[in-house]
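Here are my notes on the model you sent over. Please read them with the structure open.

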Amino acid sequence: MKRQTMSTMALVMGVLCIVLAVVILVFADGLRRWYSGLFFLLMGVVALTSAVRWRRPDAG
């Protein structure tokens with residue numbers, strides 16, 4: 001895949017994971033709220049970080 005396509009996919013998946021994490025943290029209860037919510041939050045942050053890294057122009 002092209003760099004632009006991968007970056008766009010990572011950006012979309014990152015936003016979706018963060019939205020899902022917020023929904024879980026708001027509506028879930030008990031320990032499930034924390035381990036599921038924080039898992040999806042972490043996945044979203046990693047996906048957004050990858051999208052930013054892939055969007056940077058090459059240094060060479």
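How many aromatic pairs does the structure hold? There is 1 aromatic pair, and point 4 takes it up. One caution applies throughout: this is a predicted model.

1. **Overall make-up.** The secondary structure of the protein chain consists of 2 helices and 0 strands. Helix H1 covers residues 3-27. Helix H2 covers residues 31-55.

2. **Shape.** The C-alpha trace spans about 50 × 15 × 15 Å along its principal axes. The radius of gyration of the protein chain is 14 Å, whereas a compact globule of 60 residues would come near 10 Å. Take the contacts in the chain with a separation of 6 or more: residues 24 or more positions apart account for 60% of them.

3. **Burial and surface.** How much of the chain is buried? Buried residues make up 22% of the 60 residues. The exposed area of the protein chain is about 4,700 Å². Carbon and sulfur atoms supply 73% of that area.

4. **The aromatic pair.** The partners are Phe-39 and Phe-40. A pair of aromatic rings is described by the distance of the centres and the angle of the planes. Here the centres are 5.2 Å apart and the planes make an angle of 75°. The pair is edge-to-face, because its angle is over the 60 degrees required for that class. Phe-39 has a relative accessible area of 43%, so Phe-39 is partly exposed. Phe-40 is also partly exposed, with a relative accessible area of 24%. Phe-39 belongs to helix H2. From Phe-39 to Ala-28 the C-alpha distance is 14 Å, with their positions 11 residues apart in sequence.

5. **A nonpolar surface patch.** Which residues form the nonpolar patch on the surface? They are Leu-11, Val-15, Val-19, Val-22, Val-23, Val-26 and Phe-27. Together they have about 630 Å² of accessible area. Val-15, one of the patch residues, sits in helix H1. Val-15 counts as partly exposed because its relative accessibility is 44%. That value also passes the patch cut-off of over 30%.

6. **Ser-7.** Is Ser-7 buried or exposed? Ser-7 is buried, because its relative accessible area is 0%. Its place is in helix H1. Leaving aside residues up to four places away in sequence, Ser-7 touches Ala-51, Trp-54 and Arg-55.

7. **Arg-55.** This residue lies in helix H2. Its relative accessible area is 44%, so Arg-55 is partly exposed. With residues up to four places away in sequence again left out, Arg-55 touches Gln-4, Ser-7, Thr-8 and Leu-11. Leu-11 is also one of the residues in the nonpolar patch. Arg-55 and Met-9 are 46 residues apart in sequence, and their C-alpha atoms are 12 Å apart in space.

8. **Arg-53.** Arg-53 is also found in helix H2. At 45% relative accessibility, Arg-53 is partly exposed. Where does Arg-53 stand relative to Ser-7? Their C-alpha atoms are separated by 8.3 Å, although the two are 46 residues apart along the chain.

Definitions and conventions:
Residues are numbered from 1 along each chain as its sequence is written. This is a predicted model: local features need pLDDT of at least 70, side-chain atom pairs count only at pLDDT 80 or more; totals for chains, interfaces and linings use all residues. Side-chain values use heavy atoms; hydrogens and water are left out. Patches are made of residues with over 30% relative accessible area and no salt bridge: like charges are joined within 9 Å, nonpolar side chains (Val, Leu, Ile, Met, Phe, Trp, Tyr) within 5 Å. Accessible areas come from the Shrake-Rupley method with a 1.4 Å probe; for residues, only the protein chains shown count as cover. A salt bridge is a side-chain nitrogen of Lys or Arg within 4 Å of a carboxyl oxygen of Asp or Glu. Helices (H or I, at least four residues) and strands (E, at least two) are DSSP runs, numbered from the N terminus. Buried means under 20% relative accessible area, exposed over 50%, partly exposed in between (1.4 Å probe, protein chains only). Rings of Phe, Tyr and Trp (its six-membered ring) pair if their centres lie within 6.5 Å; planes under 30 degrees apart count as stacked, over 60 as edge-to-face and the rest as tilted. Contact means heavy atoms within 4.5 Å. The radius of gyration is taken over C-alpha atoms; the globule rule is 2.2 Å times the number of residues to the power 0.38.
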